[in-house]
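Visitor: Please take me through one part of this protein chain in close detail. I would like to look at the nonpolar core, then at what lies around it.

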Amino acid sequence: MKNTALVVIDLQNDITKNYKEIIEQVNEAIDRAMQKGLHIVYIQHNNLSDGTRTFKPGTHGAELVPEMKVVSSNIFTKSKSNA
């Protein structure tokens with residue numbers, strides 16, 4: 001499993017108004033991945049469009065949700081809507 005990773009995509013304050021319904025399962029998946037020695041990668045979306053109101057870099061809305069376990073420094077940003 002050397003080249004296997006858990007990738008958590010766009011679990012940010014602006015995108016997931018109902019994330020509290022799934023955050024426990026996400027954290028359990030993170031725990032299982034850690035136990036298996038997998039890489040854990042987090043992807044954040046930054047909206048770079050003029051006049052954007054969501055995912056604006058440096059805002060609370062662009063931050064990863066606070067209840068999520070962040071267990072690695074493998075946090076990457078993207079500016080396109082697809083991972």
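Guide: Contact here means heavy atoms within 4.5 Å. Keep that cut-off in mind for Met68. This is a predicted model.

Start with Met68 itself. Leaving out residues up to four places away in sequence, Met68 touches Val8, Leu11, Ile23, Val26, Asn27, Ile30 and Tyr42. Now set that list beside the core. The largest nonpolar core has 13 residues. Those that touch the most other members are Val8, Leu11, Ile23, Val26, Ile30, Tyr42 and Met68. Helix 1, residues 23-35, and strand 2 each give this core at least two residues. The largest share comes from helix 1, with four residues.

Next, place the core in the fold. The protein chain has one helix and three strands. Read from the N terminus, the order is β-α-β-β. Contacts across long stretches of sequence are common here: of the contacts with a separation of 6 or more, 75% join residues 24 or more positions apart. Of the 83 residues, 35% count as buried.

Now move to strand 2, which spans residues 39-45 and includes His45. Is His45 buried or exposed? His45 has a relative accessibility of 11%. The cut-off for buried is under 20%, so His45 counts as buried. Its side chain has a polar partner as well. A polar atom of the His45 side chain lies 3.3 Å from the backbone oxygen of Lys80. Lys80 is also one of the contacts of His45 beyond four places in sequence. The others are Asp10, Gln12, Phe55, Lys78, Ser79 and Ser81.

For contrast, look at Lys20. This residue sits in the loop between strand 1, residues 5-9, and helix 1. Its relative accessible area is 58%. The cut-off for exposed is over 50%, so Lys20 is exposed. Lys20 and Val65 are 45 residues apart along the chain, and their C-alpha atoms are separated by 9.4 Å.

Finally, step back to the whole chain. Its C-alpha atoms fill a box of roughly 45 × 25 × 20 Å along the principal axes. The accessible surface comes to about 5,700 Å², and carbon and sulfur atoms hold 49% of that. There are 10 positive and 9 negative side chains. The centres of these two sets lie 6 Å apart.

Note on methods:
Residues numbered from 1 in each chain as written. Predicted model: local features only at pLDDT ≥ 70, side-chain atom pairs only at ≥ 80, totals over all residues. Heavy atoms only, no water. Buried < 20%, exposed > 50% of the residue type's maximum accessible area, 1.4 Å probe, protein only. Polar contact = N/O pair within 3.5 Å; in protein donor to acceptor, adjacent residues only side chain to side chain. Areas by Shrake-Rupley, 256 points an atom, 1.4 Å probe, with all protein chains shown as cover. Lys, Arg positive; Asp, Glu negative; His and termini not counted. Charge placed at Lys NZ, Arg CZ, Asp CG, Glu CD. Core = buried A, V, L, I, M, F, W, Y, C linked by side-chain atoms within 4.5 Å.
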